[in-house]
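Here is a short set of questions and answers for a first look at this structure. Keep the sequence at hand as you read.

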Amino acid sequence: MNAPLPPGQTAPDATGATPVMQQYFDAKSRQPDALVFFRMGDFYELFFDDAIRAAAALGIAQTFRGTHNGQPIPMAGVPVHAAEAYLAKLIRAGFKVAVCEQMENPAEARKRGSKAIVHRDVVRIVTPGTLTEDGLLDARGANRLAAIALRGGQAAVASVELSTGEVESLLIAPSGLSAALAALQPSEILVPDRLFADETVNLALKAAGGLVQPVAQALAEPAASEARLKRLYGVDTLDGFGGLAGAEISALGLIAAHLEMTQAGKLPALSPPRRAGEADVMAIDPATRTSLEIERTTGGQRDGSLLGSIDRCVTAAGSRMLAARLARPLLDPAAIDTRLDAIQWLLERRVLRERLRDALKRSGDLARALSRLALGRGGPRDLGVLRDGLKTGEALSGLVVDAGDGLNPPPFEIERALAAVNPSLSADLSGLLAQLTDGLGPDLPAQARDGGFVVAGIRPELDQARALRDDSRRVIIALESRLAAESGVLLKIRHNAVLGYFVETTAGKADPLFQPPHNATFIHRQTLANQVRFTTVELADLDARIAQAGERALAIEIATFEAWREAACALAAQLQAAARALATLDVDSALAEWAEDQQAVRPVLDKGFGFDARGGRHPVVEAAVKRAGEPFTPNDCCLDGSGETRARLSIVTGPNMAGKSTFLRQNALLAVMAQAGCFVPAKSLRMGVVDRLFSRVGAGDDLARGRSTFMAEMVETAAILTQATPRSFVILDEIGRGTATWDGLAIAWACAEALHGTNRSRALFATHYHELAALEDRLSYVSNLSMRAKEWNGDLVFLHEAGPGHADRSYGVQVAKLAGVPPAVVARAREVLERLESEAESPARLEGLPLFASVAPAPVKHGPSPVEEALKGMEPDGMSPREAMEALYRLKGML
């Protein structure tokens, strides 16, 4: 996060500050590392160094206002009505912002004395992970705040989506941090400062991409974390959350501390922590996510990714849920089938599906509206979203009932969603819906202070106040006529700034008003040369009521809004369940729609080790070639990790541009889609669940960490060879190409042997080292595949078909010709290639390599010493002084 102060600068001395500037200094002292948005009327002002830094970041004017200790005060400001846009720019630039609001209006301040100033206070700290406003968020993307903690040899990652109230906790091994953070893609990560000395944590943070926020280690202590967590949820015990581990409590406690600090005491509407473990979801490391372009392309765009290609959701919440499913595919075949059952049922009912999708378009983003209301940032428009969402739930339930099929009732996932979203099944929800339906008008403002959102007839006192405010002239004329009739005197009711409303008549006609019985009604106020002025108790009261009618009408509306807001927050758990149900129905119907359009099929998943894809297609590439009016060539891929029916490792050869990388990626994406609970673009797919997915496809350096292209490739390959299991799925493309030919071939050969004999994973291994084709005869469970191409009249024609056997050529010169390399260079390349191919083969005979030589390396002692191992298992923060002394003696003895 931004540093407390830039290098070389010091905080200004508050001595001698004016009362207003003293308020600023107080706010700044509480948040020294934040830019302070200091409310002054219709502007948020920034002063001193904040003004200089904000002006540079926002491209706004930086001026000076007054002096402090003899020096001009730098100042910059942004209009309140446009503050969101400026906030978004500052947050993207890496700043955090403390919003210091006026807590009263100037009139209230003047009641304390003529020199009293408006009270101000910090109401919120804006950071990347705590955004809730629509204008600051991607409607179809999650915005998560994450925290990590290590304790007792375990790691925990906790996350909260403050804009929807979703909370998650994941207990993993420290080595799984990178994959866990990559799946969450948090905007901000809270990290205890002592963990920065851990290399595993550092690597995971660098790969995660979110803004890293160091926090004091003391905030992660279990006792303090548990107390904060209880405070956040308003409970006396955490037992109801399922026996959280110490690391989970620490991580969740960090989030609770951050929310307490940034939300200024306002409690968000949070769901109970949803717990998960490594055994629940497919592990996909950051490099693999980038390579496969699951949620974003390598350029960072949503369009062109797997998510962008299959997302047919009609609501923002549905798109977010689909992204979450693709980010963390499931491992339990039964849970996957629950999702697939829902899609199958909707796929078979096109008319119902279309009606459901049409109704869902009117539902709004119920979860985010509720979160804003809970944090005090919502308005009548958010109440309208709740109303529309509950109405949509009612309509969806009716549509399913009307389309009832007694022989084929809705599957479990749809039944559960309909039960959660139907307000008629809950007296509380139906009561809230009735209040909002009857009370909210059709044209709702964003903020309650704008008024005009409560319909007539709901609050009689509001109707009266509005009548006075809007029809004061008519009311005054009616009173004037009645007073004239009762007194028999010709009179007028007039108004001025001194007396307010008064009764006026000529001096000659005023005498009856001084006499009984009229003198009991008319009270003398003023006598002029030609006029006499009176008032009455009724007129005085009416005068006051008219003057206050606008304020009173607004106050009644705000009070009504607050009552509805509190009623909604009291039902937060039910409303959050309804929001999830709406998103679930949207995702299921959208995936059914996509499956019908793309002729996708239901995958079959089990606990085996097979992978049998028939007629598989790459969902993103197929969409692209179809837009270009060309067909996509489907291909089969059959692997068996056990080796019982098929090879577990396929060596894929073929020309450049023949489709090797597409073939590799499409099969990896089929696994992701199947385990995410989607239908897949293929004729059929049967597979055993994949616990870890690895992809080493594409070339790229990592200059920020001093890594060449080849070094980056080797780091990723090392991660695969050390982490892949017999249930994993691995795709490797051109391993070893970034170094000398024989070095690269040796590395590729050894990696293929290790995958086959040590990791025993299902793997596709694309290469231009045709010598690797010999592994089919040397290893038990290896097969060769080649991407077909033909030469025709000197040109190369790509067939994009994968078939058995290996390619004997890579056709690199022909591809260079297709790429537009100058003819002279192509001709010279042919000449050199022919000469090289005519020479005798290298004396290095691969056939002479001993089988599995790489599996039994020379015994070289590596790894940590026993003392280092003992140190790794210690938790100094959890030791008593006696335990620490005993541990020290133990270590001394081990030496």
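Q: How many of the 27 residues of helix α22 are buried?
A: This is a predicted model. Buried here means under 20% relative accessible area. By that cut-off α22 is mostly covered, and the count of its buried residues is 21.

Q: How far does α22 reach from its first C-alpha to its last?
A: The helix runs over residues 572-598. At 1.5 Å a residue, 39 Å is expected. The span in the model is close to that, at 38 Å.

Q: Which helix gives the most to the largest nonpolar core?
A: This core has 109 residues. Those touching the most other members are I310, L326, L386, L575, F611 and F663. With 13 residues, the top contributor is α22.

Q: How many residues are in the second, separate core?
A: Its members include A156, L162, L232 and A247. Its total is 27 residues.

Q: Why are the buried residues of α6 on the same side?
A: The buried residues of this helix are V201, N202, A204, L205 and A208. An α-helix has 3.6 residues a turn, so residues three or four places apart point the same way. The buried residues of α6 share a side because they cover an arc of only 165 degrees.

Q: Which residue has a side-chain oxygen within 2.8 Å of the backbone nitrogen of T200?
A: The contact lies at the start of α6. The helix itself covers residues 199-208. The oxygen belongs to D198.

Q: Which residue with a positive phi follows α6?
A: Its phi is near 90 degrees. The residue is G209.

How values were computed. Residues numbered from 1 in each chain as written. Predicted model: local features only at pLDDT ≥ 70, side-chain atom pairs only at ≥ 80, totals over all residues. Heavy atoms only, no water. Buried < 20%, exposed > 50% of the residue type's maximum accessible area, 1.4 Å probe, protein only. Helix = DSSP H or I, 4+ residues; strand = E, 2+ residues; numbered from the N terminus. Arc of directions from axis to C-beta. Polar contact = N/O pair within 3.5 Å; in protein donor to acceptor, adjacent residues only side chain to side chain. Expected span 1.5 Å × (residues − 1). Core = buried A, V, L, I, M, F, W, Y, C linked by side-chain atoms within 4.5 Å.
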